[in-house]
Each structure stands twice: as C-alpha cells, then as structure tokens.
Amino acid sequence: MDHDPFRWGRPRDDIYGKYDYSIANSEHYFQEHKDKYSEFPRMNTQEPIVTGTSVIGIKFEDGIIMAADNLGSYGSLSRFTDIERLIEFNDKTVVGISGDISDLQKIERLLEELKIESSYDDVNIEFQADNIHKYLRNVLYSRRNKMDPLWNSLIVGGIGSDNEPFLKYVDLLGVEYASPALSTGFGNYLAIPILRKFLEEKGIDETKTDSDNFRNIKEEEARKCVLECMKVLFYRDARSLNKFSIVTISKKNGIKLEKNLKIEDMSWEFAKDIKGYGNGQRY
Amino acid sequence: MSSDYSNIKDSAPIEHRFNPYSDNGGTILGIAGEDFAVLAGDTRHTTGYSINSRYEPKVFDVGDNIIMSANGFSADGNSLITNFKTNLQWYHFNNNEEKLKISSAARLIQHLLYGKRFFPYYVHTIIAGLDENGKGAVYSFDPVGSYEREQCRAGGAAASLIMPFLDNQVNFKNQANQPLRYLSLNEVLSLVKDAFSSATERHIHVGDYLEILIVTKEGVRTELYPLKRD
Amino acid sequence: MFRNNYDSDTVTFSPTGRLFQVEYALEAIKQGSASIGLRSDTHAVLVALKRNAEDLGSYHKKIIKIDNHIAIALSGLAPDARVLSNYLRNKAMEEKLVYNRPIPIQLAVNLLADKAQQNTQSYGSRPYGVGLLVVGYDGSGPHLFEFQPSGQVLEFYANAIGARSQGARTYLERNFSSFKSTTERELIAKGVEALRQTLKDTELTSSNTSIAIVGKSGLKIFENEDVEPFLKQETALDLAGIDENSNSTDIEERNPVEQTQVNDTNVETMDTD
C-alpha cells in the first residue's frame with residue numbers, strides 16, 4: 001500500500017505497476033470522471049492569496065461609520081487597486097471585509113443569495129444588521145469546523161433589531177465581539193488607539209449600547225476621526241492604498257456609500273531625509 | 001521513492017496548517033453559598049496582546065435559574081451556550097415546560113462537550129444555580145466533559161492565580177482551627193471582587209469590567225463593577 | 001350504488017377538476033372540535049374546545065406552543081398536528097440559531113403550506129388530516145393565519161375551524177370590526193364568546209377550554225384552573241359587548257346555520273380532536 005499522503009491507500013506503482021484501466025473496461029469510465037479521481041487529495045485553503053487590509057468602524061450619535069481601502073494585495077505586490085470591500089446588504093446593513101479577496105467574493109455571493117432567497121417569501125420583515133452578523137458568524141464558524149475556513153475578518157455595521165446602531169466583528173474562527181470602535185488586521189494596532197482615545201474624550205460608556213450613550217458624538221466628528229485613522233493606516237501599513245470607501249448608516253438618513261475617496265493633507269516632508277524613499281540618495 | 005509531497009516535505013520545514021483555535025483570555029469564577037450561588041467573569045475579550053472589546057459579557061442567564069459561562073476560545077464558548085439553550089428549549093417542549101434541574105443541566109453539558117471529544121470545545125465551563133434542596137450549586141467541566149460539583153471554582157486565564165486564594169478563603173484550607181461554614185452573600189461578593197482586582201493586577205488578559213450574576217430562589221440578578229483597564 | 005372512481009389517490013384529478021382525497025382531508029377538520037382565532041392591533045388570541053374521548057381519559061391537547069412568539073390551535077387529527085408542530089418548532093429554532101431572530105409568522109406558515117402541498121402531489125402519501133390556526137407576533141405586529149391540508153394558507157382578522165364552527169364564524173363576522181382596539185382581556189372574552197356559539201349540550205369549563213394570547217411581550221397559554229377567570233359568562237358577555245336585548249334575534253339567525261352543521265358533528269369519532 002502506498003503511504004505517501006497524496007496517494008494514501010492505493011497500490012504502489014513501483015511494486016504493482018501502473019493501474020491498468022482497461023481491466024473491466026474502466027478506462028472509458030475513468031476518462032469521463034477524471035475530475036473525481038484526481039491525482040491529489042482535496043486541499044483546503046491553507047493561507048490567503050490576494051488580500052485586503054484593515055476595515056475600521058465606529059459608532060456615533062444615531063449610526064455607524066466604516067471605512068476600508070480599495071487595495072487587493074498579492075503578497076507584497078499591489079495587485080488590484082479597485083476592490084470594493086464594503087458590501088451593502090440593505091439600507092440598514094453593511095459588511096466590511098478584510099482578508100482573502102476570493103473568499104470575500106464568496107461571502108458577497110452568499111449575501112446576494114440570502115437577499116434573493118428571502119425575497120421570494122412575501123415576508124415583509126427585513127434582515128437587520130444583527131441578523132446578518134449572526135448568519136455570517138455561523139457561515140464562518142461552520143467552515144472552520146470543516147477545517148476549510150473562509151480566510152476573512154469582517155465587521156458588520158448598521159442598525160440592529162433593537163433599532164439601535166450595531167457594530168460587531170467576526171473572523172475566520174467564528175470569534176465575535178462588539179465594541180463602540182472596531183477594526184480588523186493592522187488597524188488593531190494603528191487605528192484602534194486613535195478611535196478609543198476619541199471615544200474616551202466623548203465620555204462613552206462601552207457597557208451601554210443604546211444610542212443615548214453616543215449622543216455626544218456627531219456624525220461629522222466621527223467621520224473626521226475615521227479619515228484620520230485611514231491616513232495613519234496609509235502612512236504606516238505597507239499593504240494599504242490612498243484610495244478608499246467610507247460608508248455611513250444612520251437611523252435618520254439611511255445608508256450612504258462614498259467611493260474613490262483620497263487621503264488628504266498628507267505630509268511626506270520627512271521622506272526626503274530618509275534613505276530608500278526614492279529621493280535619489282543611494283546610501 | 002519521491003513524490004510531490006515528499007519533495008515539499010524535505011525542502012520546506014514550515015507548517016502551514018490552519019489552526020482552528022485561539023485564546024480569547026478572560027477569567028471566570030463560581031462560588032456556591034447556602035441558599036445562593038454566584039458566577040462572575042471579567043468582560044475583557046482579547047487575542048494575543050490586543051484588547052478586542054472591553055465589554056463582551058460571557059456569563060449568561062440561560063433560563064431555569066441556571067447561569068453559565070464557557071471561558072477560553074470564545075467562538076466555541078458561544079456555540080456551547082447556544083447549544084445548551086437549544087437543548088433546554090426542547091427539554092421544555094418535551095416535558096411540559098418542566099424546569100431543568102441543575103444536576104441534569106450538568107449531565108447534559110457533559111454530553112454536549114464529550115460529543116466533540118475528538119475536536120473539542122476549547123473551553124472551561126462553569127454553571128451555577130440551586131439544587132433540588134435549594135442549596136447553592138456550582139458545577140465545573142473540563143473541555144471534554146469531565147465534571148464535578150464543587151463549592152467553588154475559578155476558570156480561564158487567571159484560574160491558577162485565583163484558585164489557591166479560593167481554597168484558602170472558601171474551603172478554609174491551611175487555616176488552623178477554622179471549621180467549614182457557609183459564607184454569606186456579602187462575604188462571597190467581596191471575595192469575588194478581591195479575586196478579580198488581584199487577577200487584573202497580575203494578568204494582562206483580565207480586566208475592564210467585572211460582571212457578577214447571582215442566583216437566589218428569587219431569580220437571577222446582575223452586578224457590574226469597573227476593573228483596571230491597563 | 002354510485003362509486004367514486006377518482007378518490008383513491010391524491011395524484012388523479014376527477015373529470016371535474018377536483019382532488020377528492022384533499023377534499024376529504026378538509027372534512028377531517030370538521031370532525032375535530034372547534035378552534036377560534038382572532039386578533040386586535042396588538043394581540044392575537046386562540047381559544048379552543050378540548051374533547052375527551054372517554055370520561056375516564058384525558059383531554060386532547062388543542063393549543064401547542066411553537067416558540068415564544070407563535071402558537072397553533074388544531075382541529076382534526078391530533079397526531080398529524082404533532083408532526084406539523086414539531087416541524088414548525090424545528091424551523092423556528094433554526095431561524096433563531098442561524099439569524100438570531102424570531103421566525104416571521106408569514107414565513108412559518110409558508111413553510112407549513114409547502115410541506116402540506118407536497119403531500120397532495122405525490123403518489124402513496126395522504127394529505128394531513130388537520131387544520132390549524134396559527135397566531136404569532138413579529139416585527140410587523142400580531143398575525144392570525146388559517147392553515148389547510150390542501151396547502152392553502154390565508155391571513156384573517158378572525159376565524160374559526162372545526163365542528164360547528166359556523167356559529168362562531170357568524171359571531172366573529174358580526175363583531176370583528178370592534179376587535180381592533182380591544183384590551184387583551186376583552187379580546188380573550190370575545191374569543192370565549194365565539195367558542196360558546198359552537199356548543200351544543202355542553203358548557204365551557206376550565207378543563208375543556210384552552211386559551212392562548214400572544215403580543216409584544218410574548219406568548220401566554222392558559223390551561224385548567226388558569227382558564228377559570230375568562231369563563232365567567234356575565235363578565236364575558238359584558239366585555240364582549242353583547243346587547244342582551246338583541247340576543248333573541250341573534251339566535252334566530254344562528255339556528256339555520258346550526259342545523260346544517262349538525263350532520264357533521266353527529267358522526268362519532270375517537271381520533272379527532
């Protein structure tokens with residue numbers, strides 16, 4: 001028996017010779033079902049390939065703001081520069097996705113399918129942000145149980161079933177948590193400290209989720225803080241892009257997705273003194 | 001003999017396997033009194049050195065005067081608690097809304113945990129409530145379902161810091177001439193607060209808030225206290 | 001004697017376009033004791049009459065809890081209703097687990113309808129022999145649906161199914177316009193009064209009446225001694241707003257209806273409920 005993990009359990013070719021498919025006239029059958037009897041065992045995703053970096057999100061007065069840039073990295077290569085990673089589900093729910101882009105597209109299709117399937121019934125009760133979050137957490141957790149994960153971290157934002165702003169994280173392990181400020185990936189180190197400082201200055205009590213707790217935070221201020229975070233991320237995250245999208249969902253004004261925003265008021269003054277920034281200095 | 005696999009294996013010693021577990025920190029503590037039981041947990045949620053959330057509750061009132069927490073890998077913890085609640089509802093459907101005894105709840109949880117013996121829920125589970133005689137009860141479980149009824153138990157990140165303190169203060173271990181006695185609710189609450197503020201000092205994965213759930217024959221109530229946030 | 005050649009299975013239409021097996025299944029509902037459903041702007045109520053096949057035996061269960069926001073009342077074959085309620089409980093649980101929301105009532109009854117319809121279109125299976133009244137409360141308020149073994153599901157302001165239910169329907173048709181803004185207690189009282197219209201030689205007692213009410217705060221089911229407060233005739237009449245003087249005309253008009261119903265109910269059956 002072959003003990004090679006890719007050919008496990010089959011007769012060894014070096015002892016028994018190549019399998020003779022003409023036995024019982026199976027050659028024809030084998031040719032037809034070649035895809036089923038591939039040379040290698042089925043392999044699941046072991047690492048992400050094309051990736052999107054951080055998604056950030058914060059709550060304000062009567063809603064949430066989220067942002068993500070438009071880059072799809074292939075390792076350290078800036079491969080795709082027009083990837084939309086903020087997925088609108090309905091006017092109360094948005095899903096921000098970082099991690100593997102092909103898995104992002106799978107999630108996009110799952111959400112589209114959910115939207116279509118649920119529209120067949122004449123049920124006039126829409127999915128709210130918390131319903132979508134729970135659905136995605138179950139998708140991600142069951143994929144991790146199959147040891148075949150969707151390699152993503154997501155932030156689901158919008159208005160929840162309690163008609164209050166909703167913001168919650170979930171990742172490829174099925175781990176979920178809520179907080180007034182959330183981020184995936186590098187943003188955890190670069191954006192979260194800025195967002196948390198902002199919330200602390202506004203006197204936010206993180207144990208309360210009702211919008212009254214957030215009445216001090218106006219949409220404009222929160223947006224400014226998010227823009228600042230995107231700038232810091234572009235400065236310091238090597239896998240980021242200066243083109244990004246921002247989405248705002250509020251109870252008052254519904255959803256607003258702004259695309260192709262550019263980071264403004266950057267200062268690269270320091271660069272001219274640093275080797276390796278392409279200023280012509282060689283050493 | 002060589003194959004694609006053996007070529008890769010020989011040349012690259014890097015492991016690329018997906019790790020389905022993580023540790024989300026936090027710690028929990030259950031103490032049984034004469035006619036009450038408490039189950040407390042901090043609300044910090046972490047991965048590695050990052051604080052994901054300062055308030056992500058992990059002790060739940062699951063119904064029938066039972067409180068429950070599964071500390072460790074939070075995705076598994078949440079699933080276990082959801083599964084328990086589902087089973088509880090079917091128990092009610094099938095038994096004419098009969099209340100589930102805490103001893104039966106414990107046995108059910110053993111089966112839920114052992115059912116995943118070969119891909120375990122990576123959690124330390126504790127439940128608390130009152131037994132058939134109205135006495136406080138705490139049951140604790142290992143990740144694959146071994147369980148025991150105890151007077152007190154700490155679980156999670158700072159379990160090893162809190163448990164010896166509990167041995168001494170709840171079961172009067174190493175205290176000469178101290179007969180065993182039930183602690184009052186106030187004594188227990190101040191023990192819990194001390195245990196958590198001390199664990200917060202010494203353990204980076206513990207802190208932010210302390211949520212204490214208290215079961216008495218009147219029902220379940222919750223108290224929330226701040227812990228250090230550093 | 002005339003023999004029907006088109007009623008031995010559910011997959012053959014009669015030349016006049018009827019499915020007799022399905023129609024017979026609808027008849028099975030009338031063999032069961034009555035169930036009443038009605039709703040206001042805030043609540044939906046079920047009231048059902050329990051029958052005990054034997055004096056020494058227990059009463060059949062008429063109202064079944066599906067989830068904290070849905071209940072059903074059944075008329076017809078109780079075992080079939082068990083299968084359907086179990087199915088609904090699973091679906092409600094599934095919705096809770098996957099989406100963390102109470103299953104929308106319309107979605108629940110649609111699932112039920114699809115399940116029942118399959119039985120009307122496959123050889124060797126029989127339609128369910130039970131009718132259901134489904135009440136529930138969801139994001140769009142209180143709802144009342146009637147489910148039939150044919151797979152038909154319709155929403156109602158008020159409805160009655162089962163033996164002698166025509167009397168109750170007449171009562172409901174006359175009074176439903178006043179249900180809109182009634183209190184919980186009044187709504188139940190009107191349901192009880194409607195159920196009274198289905199009685200003959202019996203009285204409503206705490207052991208033969210089941211009541212359920214569902215609203216924003218959840219579902220409450222009343223059985224046995226808990227039903228007692230709702231049965232007091234004078235308070236019920238009072239609350240139901242029935243004018244004592246017009247009672248006589250009411251009965252006169254109701255009588256012919258009752259006579260047509262007698263034929264259905266005289267048939268003694270043990271298994272229906």
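Colleague: Where in chain B is the place of Asp131(B)?

Modeller: In this predicted model, Asp131(B) lies in the loop of chain B that runs between strand 7 (123-130) and strand 8 (136-141).

Colleague: Does one read that residue as buried or exposed, and why?

Modeller: The reading rests on a cut-off: a residue is buried when its relative accessible area is under 20%. Asp131(B) has 13% relative accessibility and therefore counts as buried.

Colleague: Which residues does Asp131(B) touch, not counting those up to four places away in sequence?

Modeller: Asp131(B) touches Ile102(B), Ala137(B) and Arg149(B) under that condition.

Colleague: I should like to turn to the interface. How is the size of an interface often given?

Modeller: It is often expressed as the accessible area that is lost when the parts come together. Here, chain B and chain C bury about 750 Å² between them, and 57% of that area is on carbon and sulfur atoms.

Colleague: Which residues in chain B lose the most area to chain C?

Modeller: They are Gln89(B), Trp90(B) and Phe93(B), which together account for 69% of what the chain B side buries. Counted by contact, 7 residues of chain B meet 11 residues of chain C.

Colleague: How many salt bridges are there between chain B and chain C?

Modeller: The count is 1 salt bridge. The side chains of Glu97(B) and Lys65(C) form a salt bridge, with an N to O distance of 3.7 Å. As for the character of the surface, the residues on the side of chain B that touches chain C comprise 2 nonpolar, 4 polar and 1 charged.

Colleague: How many residue pairs are in polar contact between chain B and chain C, both at pLDDT 80 or more?

Modeller: The count is 1 residue pair with both members at pLDDT 80 or more.

Colleague: What helices and strands does chain C have?

Modeller: Chain C has 7 helices and 10 strands. Of its 273 residues, 52% count as buried. The accessible surface of chain C comes to about 12900 Å², with 49% belonging to carbon and sulfur atoms.

Colleague: What share of the contacts in chain C between residues at least 6 apart in sequence join residues at least 24 apart?

Modeller: The share is 67%.

Colleague: Finally, where in chain A is the place of Thr51(A)?

Modeller: Thr51(A) is in strand 1 (residues 50-52) of chain A. Beyond its neighbours within four places in sequence, Thr51(A) is in contact with Leu71(A), Gly72(A), Ser73(A), Gly99(A) and Ile101(A). Thr51(A) and Ser76(A) are 25 residues apart along the chain, and their C-alpha atoms are separated by 9.9 Å.

Methods. Residues numbered from 1 in each chain as written. Chains lettered and ligands numbered in written order. Predicted model: local features only at pLDDT ≥ 70, side-chain atom pairs only at ≥ 80, totals over all residues. Heavy atoms only, no water. Contact = heavy atoms within 4.5 Å. Buried area = accessible area lost by both parts, 1.4 Å probe. Salt bridge = Lys/Arg side-chain N within 4 Å of Asp/Glu carboxyl O. Polar contact = N/O pair within 3.5 Å; in protein donor to acceptor, adjacent residues only side chain to side chain. Nonpolar A, V, L, I, M, F, W, Y, C, P; charged D, E, K, R; others polar. Helix = DSSP H or I, 4+ residues; strand = E, 2+ residues; numbered from the N terminus. Buried < 20%, exposed > 50% of the residue type's maximum accessible area, 1.4 Å probe, protein only. Areas by Shrake-Rupley, 256 points an atom, 1.4 Å probe, with all protein chains shown as cover.
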